[in-house]
Amino acid sequence: MEWGLLFNAFIGVLAILNPIGNMPIFLEYVENESPRVQRAVGLLMSLSIFVLLLIFFLFGNRILTMFGITLPAFRLAGSIMILLIGLRMLQGKSKFEQHGIETTAPAGNTFDQARNSLSHILVPVAMPLFIGPGSITTVILYAEKSDSLLMSLMMILVLFVSSCIVALVLVGAPYLFQKIGRNGTQIVIRFMGMILCAIAMQFMIDGVSQLLPGVLDTAFIHTPATH
């Protein structure tokens, strides 16, 4: 079992989902709802995020094959995309700057109101705010690294745990945002941005080594000095 790869995948997926950084934007979209409905929307949102991650994990490679895209090429393109997101997060910027929308549902039980609100904010909050190009790229790349059934199941568990953390953050968003504040949120965003930049560079190195095998090894071979 490659525990290092699993831990790397967990940190990478959680960093690019960026629940703390996206929490204020989620609150803007559900600010018109009652606290109970907000919590229900957060749970449904996290479930939608897990389903989307699972779809791209299981079928992402087939989608690439359908479009004739090789994994090394996708790895390089994805690493650039993740790097750009990481650099933006290092600057303390969110992906979106929109304001909230009216999502108040007709009177009914909590689940019906939450489902109605989710239908309004699934796009753009769940996708592409949480599940954007960077998230899709990361999941497909780690799916490519899962070379056994056990490893694939463990990766799916990583996606599930990451989605559960997103659920905890969204359900407790009003309380967390009050406690952490904007300064604390910015610190988390910058730290996650640094992690994403490092992961992007590793993906880039892996992609180049696959496209041009032997080039990186040759570059580090020191030629003996001639006298």
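How far apart should the ends of α6 be, given its 13 residues at 1.5 Å a residue? The expected span is 18 Å, and the end C-alpha atoms lie 19 Å apart, which agrees. Please keep in mind that this is a predicted model.

Helix α6 is also a good place to begin looking inside. Ten of its 13 residues are buried, so the helix is largely enclosed by the rest of the structure. Among these buried residues are Gly134, Ser135, Thr137 and Thr138, along with Ile136, Val139, Ile140 and Leu141.

From here we can turn to the largest nonpolar core, which has 58 residues. Phe26, Met45 and Phe130 are the residues with the most contacts inside this core. Helices α1, α2, α3, α4, α5, α6, α7 and α8 are the elements that each give two or more residues to it. The largest share, eleven residues, comes from α3.

To see one of these contact-rich residues up close, try Met45. Setting aside neighbours within four places in sequence, Met45 is in contact with Phe26, Leu118, Ile121, Val125, Ala126 and Leu170.

Now for the outside. Leu47, Val51, Ile55, Leu58, Phe59, Ile63, Met66, Phe67 and Ile69 make a nonpolar surface patch of about 840 Å². One of them, Ile55, lies in helix α3. Ile55 counts as partly exposed because its relative accessible area, 39%, falls between the 20% and 50% cut-offs.

Here are the residue ranges of some helices that contribute to the core:

| Helix | Residues |
|---|---|
| α2 | 19-29 |
| α3 | 35-66 |
| α5 | 110-130 |
| α6 | 133-145 |
| α7 | 149-171 |

Note on methods. Residues numbered from 1 in each chain as written. Predicted model: local features only at pLDDT ≥ 70, side-chain atom pairs only at ≥ 80, totals over all residues. Heavy atoms only, no water. Core = buried A, V, L, I, M, F, W, Y, C linked by side-chain atoms within 4.5 Å. Buried < 20%, exposed > 50% of the residue type's maximum accessible area, 1.4 Å probe, protein only. Helix = DSSP H or I, 4+ residues; strand = E, 2+ residues; numbered from the N terminus. Contact = heavy atoms within 4.5 Å. Patch = residues over 30% accessible without salt bridge, like charges linked within 9 Å, V, L, I, M, F, W, Y side chains within 5 Å. Areas by Shrake-Rupley, 256 points an atom, 1.4 Å probe, with all protein chains shown as cover. Salt bridge = Lys/Arg side-chain N within 4 Å of Asp/Glu carboxyl O. Expected span 1.5 Å × (residues − 1).
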